[in-house]
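Reader: I have the sequence and the model open. Please take me through the pocket first, then a few loop residues.

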Amino acid sequence: MRQALNAARRGEQSGEVPVGAVLVGSDGALLAVAANAPIALSDPTAHAEILALREAARRLGHYRLEGATLYCTLEPCPMCAGALVHARIRRLVFGARDLRFGGVRSKFQIADSGLLNHSVTVEEGVLGAECTSLLVEFFKSRR
């Protein structure tokens with residue numbers, strides 16, 4: 001999660017909302033590190049989670065990332081939660097809840113829904129205070 005926080009800080013330096021994601025394979029190998037980049041890439045889907053999934057899939061040469069764990073500073077949105085299910089991520093660990101757009105716990109429970117063909121194990125609150133503080137300070141400085 002510390003690596004995800006570092007990625008979030010790097011994204012913030014570029015003017016992006018500070019969200020970072022780190023994807024680790026079932027063997028513990030680092031597959032991808034990403035920060036939010038929708039502004040830089042002019043791409044509304046360029047969330048940290050999506051960019052990490054894309055990079056890992058490219059590196060592995062396959063879109064299924066079975067057994068992988070995604071560490072993310074913020075609860076994934078519905079788009080990202082759906083992508084985690086499609087990629088067959090085994091486990092999601094996130095720091096702060098997203099009370100407005102959360103797709104895993106706050107608004108929807110997509111990642112571990114029994115209605116879908118895959119369920120992601122979810123752990124929340126890891127370094128939650130630090131993840132929340134980073135976002136609060138970012139938005140405070142914008143207002």
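Reader: Which helices each supply at least two residues of the lining of the largest pocket?

Author: This is a predicted model, in which local features need pLDDT of at least 70 and side-chain atom pairs count only at pLDDT 80 or more, while totals for chains, interfaces and linings use all residues. Residues are numbered from 1 along each chain as its sequence is written, and side-chain values use heavy atoms, with hydrogens and water left out. A pocket here is an open set of points on a 1 Å grid over the protein atoms alone, where a 1.4 Å probe fits and protein lies on both sides within 12 Å along at least five of seven lines; lining residues have an atom within 4 Å of a point. With helices taken as DSSP runs (H or I, at least four residues) and strands likewise (E, at least two), numbered from the N terminus, those that each supply at least two lining residues are α2 (38-41) and α5 (128-142).

Reader: How many residues line the largest pocket, and how many of them are charged?

Author: The lining has 23 residues, with Val17, Leu74, Asp98, Leu135 and Phe139 nearest the centre. Asp, Glu, Lys and Arg count as charged, Ala, Val, Leu, Ile, Met, Phe, Trp, Tyr, Cys and Pro as nonpolar, and the others, Gly among them, as polar. The lining divides into 13 nonpolar, three polar and, as charged residues, seven.

Reader: What is the nearest side chain of opposite charge to Asp98?

Author: Asp98 sits in the loop between β4 (91-96) and β5 (121-124). Buried means under 20% relative accessible area, exposed over 50%, and partly exposed in between (1.4 Å probe, protein chains only). A salt bridge would need a side-chain nitrogen of Lys or Arg within 4 Å of a carboxyl oxygen of Asp or Glu. Asp98 is buried and has no salt bridge; at 6.2 Å, the nearest side chain of opposite charge (Lys and Arg count as positive, Asp and Glu as negative, with His and the chain ends not counted) is Arg100.

Reader: Is Arg88 buried or exposed?

Author: Arg88 lies in the loop between α4 (78-87) and β4. Its phi is positive, about 65°, although Arg88 is not a glycine. Most residues other than glycine have a negative phi. Because its relative accessibility is 14%, Arg88 counts as buried.

Reader: Why does Leu127 count as it does for exposure?

Author: Leu127 is in the loop between β5 and α5, and its phi is also positive, near 55°. Its relative accessibility is 28%, so Leu127 counts as partly exposed.
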